[in-house]
Amino acid sequence: MLEIQSVDYAIDDKKILNHIDLQVKAGELWVVLGPNGAGKSSLLNVLSGEIPRFQSQVFLNKQPLSAYSASELAKLRAVMPQSVHLEFGFLVKEVVALGLLDASRDQTEALVKQCLALFDVAHLAQRNYLTLSGGEKQRTHLARVMAQILTSRSQDAERFLLLDECTSNLDLAHQQQVFKVLKRCVTDQNMGVVAVLHDLNLASQFADKILLMHEGAVFASGSVETVLTQANIEAVYQCSVEVIERTSAWSVVVATGDETNKT
């Protein structure tokens with residue numbers, strides 16, 4: 001389990017996170033939603049241990065992050081931030097291999113090949129990373145963090161992927177592909193996923209649970225059906241929407257173009 005309890009975070013007296021609680025279990029795909037400035041990326045930074053002062057308040061498999069060495073932690077959780085800057089002309093396969101720890105040469109080659117294929121970048125393995133499009137770079141880094149988390153030799157330990165807007169540069173087909181891969185990993189591997197998104201319909205289609213944030217606080221948390229309601233969405237996004245219920249599939253959220261009454 002990956003857990004935080006009652007986390008408060010402020011910068012220069014500005015409240016960034018306000019009394020946040022979250023428990024993510026292996027076998028769950030959580031999506032974090034909310035408007036710009038809601039605190040989504042800050043929450044992911046706390047969960048990942050990127051903000052050192054919170055490492056004793058974040059618990060991974062019942063141990064605080066501060067109890068793990070950097071190499072131990074890397075085997076149990078992998079993080080893909082909102083933007084990744086890599087200025088060296090590595091081959092794509094070399095970028096993916098950067099995520100591997102304590103792997104033999106044969107294991108490295110097999111995992112790199114597997115993860116490149118998962119995210120449809122196998123044909124780019126020999127390409128210079130700097131020549132890729134934005135979407136191709138995004139999928140390369142998804143392959144990198146997936147390889148990192150799959151290299152763990154402890155199949156009993158719960159492992160977690162933390163992804164910040166991992167589909168922001170991707171076309172519709174690749175957005176679907178990425179989340180189908182994540183759902184398979186949640187189901188087939190001992191893995192939990194926390195993904196920050198802006199796309200409410202992608203969240204509706206794939207999320208097991210949703211955390212809806214507003215002004216640094218949790219506005220609603222739980223199943224897709226209980227969180228993605230018209231009332232919740234309009235209150236948080238200040239935009240009139242229609243939630244279309246479908247009997248054989250996920251609900252669809254459509255903006256109607258009208259503004260709600262802002263407080």
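Hi everyone, let me start with a pair of strands: β4, residues 58–60, pairs with β5 in the antiparallel sense, over 2 bridges. Within that pairing, L60 stands opposite Q63 of β5. Before I go on, please keep in mind that this is a predicted model.

Those strands belong to an open sheet of 4 strands, and its order is β2-β1-β4-β5 with antiparallel pairing. Which strands stand at the edges here? They are β2 (14–24) and β5 (63–64); each has a single partner strand, so one side of each is left without a neighbour in the sheet.

Now to the other sheet. In this one, 6 strands form an open sheet, and the pairing is mixed. Reading across, the order is β6-β7-β8-β3-β9-β10. The edge positions go to β6 (77–80) and β10 (217–222), and because each of them has a single partner strand, one side of each lacks a neighbour in the sheet. From one strand to the next, the twist averages 15 degrees.

Let's zoom in on the β6 end. Strand β7, residues 159–164, runs parallel to β6, and 4 bridges join the two. If you want a residue pair to click on, M80 has L163 in β7 as its bridge partner. As a general reminder, the strands of a sheet pair through backbone hydrogen bonds, either parallel or antiparallel.

What packs on this sheet? Helix α5, residues 134–150, does, and it touches β6, β7 and β8 (191–196). The direction of α5 makes about 170 degrees with that of β6. Then there is helix α6, residues 172–188, which lies across β3 (29–33), β7 and β8. Relative to β8, α6 runs at about 150 degrees.

How do α5 and α6 sit relative to each other? Their axes come within 12 Å and cross at roughly 5 degrees. With angles under 35 degrees counting as roughly parallel, α5 and α6 are therefore roughly parallel to each other. On the α5 side the contact is made by R139, L142 and M146. From α6, the contributors are H174, V178, V181, L182 and C185.

C185 brings me to the cysteines. How many disulfides are there? The count comes to 0. Take C166: the nearest cysteine sulfur is that of C185, 12 Å away, and C166 is in no disulfide. C166 counts as buried because its relative accessibility is 0%. C239, by contrast, has 25% relative accessibility and so counts as partly exposed.

Next, a helix that is mostly covered: α1, residues 40–48, where 7 of its 9 residues are buried. The buried ones are K40, S42, L43, L44, V46, L47 and S48, so you can see a lysine in that list. Just after α1, G49 takes a positive phi of about 90 degrees.

My last stop is S204, which lies in helix α7, residues 200–206. Is S204 buried or exposed? Its relative accessibility is 7%, and therefore S204 counts as buried. Leaving aside residues up to four places away in sequence, S204 touches V224, L228, W250 and S251. With S251 there is a polar detail to look at: the backbone oxygen of S251 lies 2.8 Å from a polar atom of the S204 side chain.

That's my tour; thanks for listening!

Definitions and conventions: Residues numbered from 1 in each chain as written. Predicted model: local features only at pLDDT ≥ 70, side-chain atom pairs only at ≥ 80, totals over all residues. Heavy atoms only, no water. Disulfide = S-S within 2.5 Å. Buried < 20%, exposed > 50% of the residue type's maximum accessible area, 1.4 Å probe, protein only. Pairing = 2+ DSSP bridges. Axes fitted to C-alpha atoms, helices over the stretch in contact; angles between N-to-C directions. Contact = heavy atoms within 4.5 Å. Polar contact = N/O pair within 3.5 Å; in protein donor to acceptor, adjacent residues only side chain to side chain. Parallel < 35°, antiparallel > 145°, perpendicular 65-115°, else oblique.
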